2 protein chains.
Amino acid sequence: MKVLWIFAHPEQRSLNGSLMSEGLRQLSELGHKHQVSDLYAMGWQPVVDTADFRRESRDRLFIGGEQERAYTEGKLSDDILAEQEKIDWADTLVFQFPLWWFGPPAILKGWFDRVLVQGFAFGIKDANGRTLRYGDGGLAGRRALVITSVGARESSFGPRGIHGQLEEVLFPLLHGTFWYTGMSALPPFAVYGADRLTDADYRKYAAALRERLRALETTEPLPYRYEQGSDYSDYSDYSDYDETLALRPHIAPGRTGVGIHCVTVRTPLTGGLPGRSRRSALRCGT
Amino acid sequence: MKVLWIFAHPEQRSLNGSLMSEGLRQLSELGHKHQVSDLYAMGWQPVVDTADFRRESRDRLFIGGEQERAYTEGKLSDDILAEQEKIDWADTLVFQFPLWWFGPPAILKGWFDRVLVQGFAFGIKDANGRTLRYGDGGLAGRRALVITSVGARESSFGPRGIHGQLEEVLFPLLHGTFWYTGMSALPPFAVYGADRLTDADYRKYAAALRERLRALETTEPLPYRYEQGSDYSDYSDYSDYDETLALRPHIAPGRTGVGIHCVTVRTPLTGGLPGRSRRSALRCGT
C-alpha cells in the first residue's frame, strides 16, 4: 500500500508524535510505502488566498471557480501542487490530529480548504452529466483514516455521550469530505483521556493502532450511502429542484438525523422502550 | 446591544461582504453598537504556535496547559488578547463565513483554536469544584449567531438531506463551541444556492437577515441541554468514571444521535410510520 500520512500537531514529543512514529514503523514492517505531510514542520499555510491561484486580475474573486481554473491551467501554487501529487500517488490517506473544538486544528482544516479543489477532488461529471459525489469523485478508490486524540473520556463520546457520538461529531470530515470526494471513510481511531494516559494506557493504544494499520486494507469502511445509488431523490422524483437530494421516503422511513446516511442493520436496543432498536453494525451514526 | 461581528471571507465584494454591510447598517439603525473582526483584512494568523504564549522553554509543549498559563499570566500574544477584549465587551457574537468542507474556513477555525483558551472560555470551576460547561462557562450570558453561505440547495441540508441537517453538521460549532463555553446558540442563518442568487433572491435574503438582527435579543436559542441540569449522568449514578457524562436512561429513552442533546417537543410525523414522531420545535437536531 501507499500511505500518505498527514500530521497536524506542533509538538513531535507529544502523544501524537509518538503514535505517528509507532505507526510509520509498523507500515514499514508491513512492507507498505509511506509519505508524510507534517504540516507544522512544513510551515503549511492554511489560509485560502489569491496567491493560491497566481491570480493577477483585480476583479471580484469567486473562490470555487478560481480554484478550478487554476487547477485546470496548472497554476495552483507549488505547495498545493505538491500535496495533490502525494494524493495522486497514495491509495490511503491517514489524518492524525488532536481534536480541537470538536474538529481538526486550523492548519489541517486549511489543508482541505486549499488542496481539495474543484476539478481535482470534486465537481467532476460522469458521461451523463451527473456530478460525482458521495462514494464517487476525484479521490475515489482511496481509503481515509482519522487518528485523533481527545481529552475527554470515551463514554462522553458514545452514542448518548454529552459531546455527541464521535462519528457524528466528525460527520463533516468523514462524510462531508472523505465520502464526498469518493474516499471510503474507515472507522476513526481515537485515543481518549489523552491528557492522563499512563504508560500502560499508551502501550495499549499503540498496540491497538498497530493492529488497525495491519488491517488497513481489509477494514470495513463506514457504510455511508452512495449518492448515485437509489436512496436519494433526484429529478425523476420531483419536478421541483428544491425537493431533490433528500433520502427517499421509503429509506429509513420517518427517521431524521445524520445517522440516516449510513446503511445499517437494526437490532433490538437492550433496555430501551419496546419496539425501539439500534444499529449494531458499524457505528457511523445512530 | 454590543455585537462583535467576526467575518471570514477574503472578498469584500462577495455576497458575504454585501450581507455584512447590510447587517452592520441594520445594527446601527437599531441603536446597537458593534465591532468587527474582519479576519482576512486583519491578516489573522490561525495556527496555534509557541509564539502565542511568549514561551521560552524548550521542554515538551502541552498546548492546553500552556494556553491557560499564558492567559493567567497575561502573556498571550497581542492579537489574541485583542480578540478576548472584544469578547469581554460584547454581549452577542456573530460569525459570518462561507461553509467550506461543511465547516468554517481555516482562518476562522484558528480564531477558535487560539482565542478561546482554557481559563478564559472554559475550564472554569464553580464553588463545588465542578467544571462549568455546556450552558455555563467563561462566555456565559452571551448569544452567538452563525451566518453562512452554502452552494447547495436548502432541501439537501434538511432533516433528510444528503449533506445532513445543517444544525447537526454545525454541531461542533453550535453545541461543541458556543454552548460548551456557555453561549446560547441562535438558529443559524443560511443562504442557500449562494453561487446562483438572482438580485431578487439577494433582496429576499437581505430582508430576512435584517429581520433576524431585529430579533437578536428575543430569538429563542437552540434548546440544548445543560450539563449541570439533571439530564446527564455523573458520579452519583456510577462509581465507574467511564460511565459518566452520558444522557440518563430515562431522558430521550432508547434514542441516540446528536439530536438527543436538544430538549424538544415531539409531534406526529406526517407521512411517517405509525408511532413515529418528529421534533417540531426549534431544529437543533432531529
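**Aromatic rings and the A–B contact**

In this predicted model, A:Trp101, A:Phe102, A:Phe157, A:Tyr192, B:Phe122, B:Tyr134 and B:Tyr180 make up one aromatic cluster.

Biologist: How many aromatic pairs does a search of the whole structure find?

Modeller: The search runs over all chains, so pairs from A and B go into one total, with ring centres required to lie within 6.5 Å. That total is 32.

Biologist: Take A:Phe95 and A:Phe178: is the pair stacked or edge-to-face?

Modeller: Their ring centres are 5.2 Å apart, and the planes meet at 20°. Stacked needs an angle under 30 degrees. The angle fits, so call this pair stacked.

Biologist: And how many residues apart are those two in the chain?

Modeller: A:Phe95 belongs to strand 3 (residues 92–98) of chain A, while A:Phe178 belongs to helix 7 (residues 171–179). Both are buried. The pair links distant parts of the chain, with a separation of 83 residues.

Biologist: Over in chain B, what kind of pair do B:Phe171 and B:Tyr224 form?

Modeller: Here the centres are 6.3 Å apart and the planes stand at 80°. Anything over 60 degrees counts as edge-to-face. B:Phe171 sits in helix 7 and B:Tyr224 in the loop between helix 8 (199–214) and strand 7 (266–268), 53 residues apart, and both are buried. With that angle, the pair is edge-to-face.

Biologist: Which ring has the charged end of B:Arg114 over it?

Modeller: There are charges over rings in chain B; one of them is B:Lys204, whose charged end is over the ring of B:Tyr205, 5.3 Å from its centre. For B:Arg114 the distance to the ring centre is 4.8 Å. The ring in question belongs to B:Trp44.

Biologist: B:Arg114 makes me think of B:Asp52, so is B:Asp52 buried or exposed?

Modeller: B:Asp52 is in the loop between helix 2 (39–42) and helix 3 (63–72) of chain B. Beyond its neighbours within four places in sequence, its contacts include B:Lys75, B:Ser77 and B:Arg114. Its relative accessible area is 2%, and the cut-off is under 20%, so B:Asp52 is buried.

Biologist: Which residues have the most contacts inside the largest nonpolar core?

Modeller: That core has 171 residues. As a sample from chain A, A:Trp111 touches A:Ile6, A:Leu39, A:Trp44 and A:Phe95, among others more than four places away in sequence. The residues you want are A:Trp111 and B:Trp111.

Biologist: How much area do chain B and chain A bury between them?

Modeller: Each chain puts 79 residues into the contact. On the chain B side, B:Trp101, B:Arg160 and B:Ile162 lose the most area to chain A, together 17% of what that side buries. Carbon and sulfur atoms carry 58% of the buried area, and across this interface the rule finds zero salt bridges. The area comes to about 6400 Å².

Biologist: Last one: how far apart in space are A:Ala190 and A:Thr148, C-alpha to C-alpha?

Modeller: A:Ala190 lies in strand 6 (residues 189–191) of chain A and is buried, with a relative accessible area of 12%. Besides A:Thr148, it is in contact with A:Leu166 and A:Tyr205, leaving aside neighbours within four places in sequence. A:Ala190 and A:Thr148 are 42 residues apart in sequence, yet in space the distance is 4.9 Å.

Technical notes:
Residues are numbered from 1 along each chain as its sequence is written. Chains are lettered from A and ligands numbered from 1 in the order in which they are written. This is a predicted model: local features need pLDDT of at least 70, side-chain atom pairs count only at pLDDT 80 or more; totals for chains, interfaces and linings use all residues. Side-chain values use heavy atoms; hydrogens and water are left out. Rings of Phe, Tyr and Trp (its six-membered ring) pair if their centres lie within 6.5 Å; planes under 30 degrees apart count as stacked, over 60 as edge-to-face and the rest as tilted. Helices (H or I, at least four residues) and strands (E, at least two) are DSSP runs, numbered from the N terminus. Buried means under 20% relative accessible area, exposed over 50%, partly exposed in between (1.4 Å probe, protein chains only). A charge sits over a ring if NZ of Lys or CZ of Arg is within 6 Å of the ring centre and within 35 degrees of the ring normal. Contact means heavy atoms within 4.5 Å. A nonpolar core is a set of buried Ala, Val, Leu, Ile, Met, Phe, Trp, Tyr and Cys residues joined through side-chain atoms within 4.5 Å. Buried area is the accessible area (1.4 Å probe) that two parts lose on being put together, summed over both. A salt bridge is a side-chain nitrogen of Lys or Arg within 4 Å of a carboxyl oxygen of Asp or Glu.
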